[in-house]
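Please walk through this structure step by step. Begin with the elements at its core and then move outward to the others.

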Amino acid sequence: MYERYDWQATSMEGVESSLQTDYTLRILGLDICADTIVGDQMQRGISGGQKKRVTTGEMIVGPTKVLFMDEISTGLDSSTTFQIVKCLQQIVHLGEATILMSLLQPAPETFELFDDIILLSEGQIVYQGPRDCVLEFFESCGFRCPERKGTADFLQEVTSKKDQEQYWADKQRPYRYVSVSEFAQTFKRFHVGLQLENHLSVPFDKSRSHQAALVFSKHSVSTRELLKASFDKEWLLIKRNSFVYIFKTIQLIIVALIASTVFLRTQMHTRNLDDGFVYVGALLFTLIVNMFNGFAELPLTITRLPVFFKHRDLLFYPAWIFTLPNVVLRIPFSMIESIVWVVVTYYTMGFAPEADRFFKQLLLVFLIQQMAGGLFRAIAGLCRSMIIAQTGGALFLLIFFVLGGFLLPKDFIPKWWIWGYWISPLVYGYNALAVNEFYSPRWMDKFVMDKNGVPKRLGMAMLEGANIFTDKNWFWIGAAGLLGFTIFFNVLFTLCLTYLDPLGKPQAVISEETAKEAEDNGLPRETVSNGSTRRNGSMKSKDGSNNKEMREMRLSARLSNSSSNGISNGISRVMSVGSNEAAPRRGMVLPFSPLSMCFDDVNYYVDMPAEMKQQGVTDDRLQLLRDVTGSFRPGVLTALMGVSGAGKTTLMDVLAGRKTGGYIEGDIRISGYPKNQATFARISGYCEQNDIHSPQVTIRESLIYSAFLRLPEKIGDQDITDEIKIQFVDEVMELVELDNLKDALVGLPGISGLSTEQRKRLTIAVELVANPSIIFMDEPTSGLDARAAAIVMRTVRNTVDTGRTVVCTIHQPSIDIFEAFDELLLLKRGGQVIYSGKLGRNSQKMTEYFEAIPGVPKIKDKYNPATWMLEVSSVAAEVRLSMDFADYYRTSDLYKQNKVLVSQLSRPEPGTSDLYFPTEYSQSIIGQFKACLWKHWLTYWRSPDYNLVRFSFTLFTALLLGSIFWKIGTNMGDANTLRMVIGAMYTAVMFVGINNCATVQPIVSIERTVFYRERAAGMYSALPYAIAQVVMEIPYVFVQTSYYTLIVYAMMSFQWTAVKFFWFFFVSYFSFLYFTYYGMMTVSISPNHEVAGIFAAAFYSLFNLFSGFFIPRPKIPKWWIWYYWICPLAWTVYGLIVTQYGDMEDIITVPGQSNQTISYYITHHFGYHRSFMAVVAPVLVLFAVFFAFMYALCLKKLNFQTR
């Protein structure tokens, strides 16, 4: 992360980068994790709050004079937010900068740091002016901010229809709803509004500005500095990503060793044309492997584009500064790979022995690799999305491949496609490689007879027979062509990044209610009659007719009467957050068992990071939690707090059993019995900080899915029918106030679908529908404004008041939110407890504890106790008081009381038994499979970028091949034509298969992160989930194969008999299917889809080699024949050829041999026997089953998520 800032600082002018970087890290409190990688969903890195601060630091590290800062406090504790804003205040006042900042839940002391306020509501400015006058303005409108209420929270709620009434100042006058438009109009007449209007009406006098005030250079640093920084960053990323490059090189060595033993020189002769064709196969394989080797550039480039676009749009650097190091620093790796390939293969395959030809081939292989890298980078820049790019990549490859001159000789290409021949880079590589080989003396000094009986040099005859240019200069023409393509593709890549914008823009989903209000176009809403009462933040009529609340109460009564433990009885008084009125209990009415949780001396260690060892740390383990003791009880809402990086999420992960690595020590008990993760997952819920959901399902569907999988068929004596489950889902939706959005798609975070706050409430709802006894919530209010946070906390409070045990980590609560908690567990940096106990009314007990410590200042009036507590217990305070708060806590009476409480809770109550469930999951295997299949069906149906893209690709491939190999099935004159047909069939299946494999990988990868969360929650076993996803592919691949087979069969004019058509369909269908499952399997054995792509590409080249196309089966060395039989593509080619041509008795000419029938040639040249079809068909089905089974098995056994 330190490097990130250093690089940022370099792309800004006039910065002593290391000093500025250190200073920024210190201000943001990031110095403790300066050498930690940022990480992502799958890779453990810095915490969520720290990530947010990295974003802020990226901007303030340079000498910027104007800053627009959006929600910079998300995920930060209030004291850190205060420090950052205070530092920004200094930048503004001392450096004469301009900063506009949007904040969600600013604490009162942070709010006080601002000079001016802009209050926006429903897209209108309600107030803009000095902070001091804002309360005066609202008082003039008839609304007053109450005691112990933060001004910022008041401002956010006073314009809201639901929350406005409680702030009405004059109780003598009846309350009247004041709309946002009315506020905006009143502001124009308010003295601040009038001043603003006067100020704006006077034009700015340009003569007063200095000549040097304007910036004339687009980028603030010299090009040389930018290039240096960019090269340094690129090199650093290559080192960090070294696994990919090492993996690629090792993969290439393995393929080279395999290829050189297949085409072994003892088997490679130079006697006749047949021998020559084997060499052509070897050269072609060299060309194709090195072409495919560039495919890895595609996912690597795409994953880096979002950061690039952010930097480009902020004018950090122009696009070519990014692309130049990207291209140049790959050259040494490409050189190494080329040398490795040629050294391993050249002499072992027995190519021409002259040294100059060896170096010429090395040059060509290097140029092919550079061209391929450039091509895939250009495709990534052009497509900008993984699925579209992989399809685009496959399309370009297909066109280049089919028109490369080796499948279909130049003279056979239809004239409407001849342009494709000249723009295929493979033409130049293929011709240059062949000319280099066949012009060597060992081919040129031998003679063969041509058709007319005239002797001809074997080399020339070979070039003519393979339709290759016979001009000796084609080596240099080919090399120049490849170099030209390399330059063209890299320039195209740069142009794409310069002029194209990222795909997809963030958007918010608005509720039906908001949409209706917007349609009313700001007309005054109907004023609520005097006879209505405000309940729980929403307007309800007194008589209760046709009223949701009454229905809820009736259902609550009905279900609680049938509950075994009678927890939900009638209506309990709930203190609603933000208003002190009684509200009826809402939702959560299924019976459950209240459970307590206690933990004693919990320690957690991870292996010492390599970066810290390099800095001289000798320990093998790093301790993140130290002797943490505490308890959580039913009906008690506990806040888990501490500064960023104190170990809050770590403690929660340890207690919830979500850690996948590290070492845990200590005693954790549930209602007195030792915690068993298998049963604990059934009765607990965990709301993660990252809201991970399937993007293609709606809110209601997400909840129904969770409820159907996690609610058992029976609770106590009560049967839980499907109707009750759906009713329960609807209640939970209302409880978290999502009923207006129930049909909105979830979407991908930051790209489409729900806003952060809606996503957060969905995360809570997904856990609530499981009816858990213990709920962990990791920062339920981060990323939300005060009103949304109040809604979420109201949800949480309602949940606790049903008798559940709820624990929340929380960063910067307002006074309202903080005082909604009953107890507090406070951690300091290093994972040590410094307070664990009751908060008390107005946080009195907690403040008394800290104020009793000598040297700790008293809390000021109206000050937020949460902020005060974090400030007085900070590291700076410890240094000032020269004491350790953790040591002080361990000597206090409070600690002794907690120890007694924990020891009491560690003993089971008499008459209770340990948690027991007859089955591991609440649903049977069939039930899990049905639910997973339902969700996969919705996901697939709503993923047009996946299904449409692969369907379009298949259609395009079918039409392309049909038009290139137009009516080729009818004119079987010679063996060359037959070879072309076989090439066409083989290419079609391979490319559609590879595209299926590549496009399924991102889908499986996105869903896998959701799978990890759902499996950890005990929703289902891996097998029903995997089988459902496997089954879901079957109908889609069936449709794909149907139109593909019809088009190809008709356009290529194969024999129209029902049996032959059926076999063509059958072989194509199972081939596409096994390729799709192969793609799914590669994701399940890789940490992400980038590695899966590289892994899959490794086997494409082997599939190619042993498919029986490049080297017929009888010519494969006997020590490799076993791989031929386990290569799926070989069985596909076998099936296609035998079923189409195995019974044809037409006579064809074969170069260098006597005329033969087609069936005889197929049997003797390719080794295909018609009688063997009875084995081929079941083997193709078995390949699909095998890959699907491996996907399910790897998903079950392997876990790549590090927590």
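## A guided reading of the chain

Strand 19 is covered on both faces: Ile774, Phe776 and Asp778 on one side, and Ile775 and Met777 on the other, are all buried. Buried here means under 20% relative accessible area, while exposed means over 50% and partly exposed lies in between, with a 1.4 Å probe and protein chains only. Strands (E, at least two residues) and helices (H or I, at least four residues) are DSSP runs, numbered from the N terminus. The model is predicted: local features need pLDDT of at least 70, side-chain atom pairs count only at pLDDT 80 or more, and totals for chains, interfaces and linings use all residues. Residues are numbered from 1 along each chain as its sequence is written, and side-chain values use heavy atoms, with hydrogens and water left out.

Strand 19 covers residues 774-778, and five of its five residues are buried. Which strands pair with strand 19 in the parallel sense? One of them is strand 16 (residues 684-687), which pairs with strand 19 over four bridges; there Ser684 stands opposite Ile774. Another is strand 20, which runs parallel to strand 19 and is joined to it by five bridges. Two strands count as paired if DSSP finds at least two bridges between them. In general, strands of a sheet pair through backbone hydrogen bonds, either parallel or antiparallel. Between strand 19 and strand 20, Met777 stands opposite Cys808, and Asp778 has Thr809 as its bridge partner.

Strand 20 (residues 805-809) has five of its five residues buried, so it is largely enclosed by the rest of the structure. Its two faces are both covered, with Thr805, Val807 and Thr809 on one side and Val806 and Cys808 on the other. Strand 20 also runs parallel to strand 13 (residues 637-642), to which four bridges join it. In that pairing, Val807 is the bridge partner of Thr638.

A further sheet is open and has four strands in the order 12-11-14-15, with antiparallel pairing. Its edge strands are strand 12 (621-632) and strand 15 (673-674), each of which pairs on one side only. Helix 26 (residues 648-656) packs on this sheet, touching strand 11 (597-607), strand 12 and strand 14, and its direction makes about 70° with that of strand 12. Strand 14 (residues 663-670) pairs with strand 15 in the antiparallel sense over two bridges, and Arg669 stands opposite Pro674 in strand 15.

The next elements are helices. Helix 19 (residues 425-438) has 14 residues, which should span 20 Å at 1.5 Å a residue; its end C-alpha atoms are 20 Å apart, which agrees. The expected span of a helix is 1.5 Å times one less than its number of residues. In helix 19, 14 of the 14 residues are buried, so it is largely enclosed by the rest of the structure. Helix 29 (residues 722-735) also has 14 residues and an expected span of 20 Å, and its end C-alpha atoms are 20 Å apart, which agrees. The buried residues of helix 29 include Ile724, Phe728, Val732 and Leu735. Just after helix 29, Glu737 takes a positive phi of about 55°.

Helix 40 (residues 975-1016) and helix 42 (residues 1058-1084) pack at an angle of about 40°, with their axes 7 Å apart. Axes are lines fitted to C-alpha atoms, for helices over the stretch in contact, and angles run from 0 to 180 degrees between N-to-C directions. Among the residues that meet are Val989, Gly993 and Val1000 in helix 40, and Phe1072, Phe1075 and Gly1079 in helix 42.

Two single residues complete the tour. Thr1045 lies in helix 41 (residues 1022-1052), and at 0% relative accessibility Thr1045 counts as buried. Leaving aside its neighbours within four places in sequence, Thr1045 is in contact (heavy atoms within 4.5 Å) with Phe1061, Phe1064 and Phe1065. Leu76 is found in the loop between strand 1 (66-70) and helix 4 (78-95), and Leu76 counts as buried at 1% relative accessibility. The C-alpha atoms of Leu76 and Glu779 are separated by 10.0 Å, although these residues are 703 apart along the chain.

For the chain as a whole, there are 47 helices and 24 strands, and 58% of the 1203 residues count as buried.
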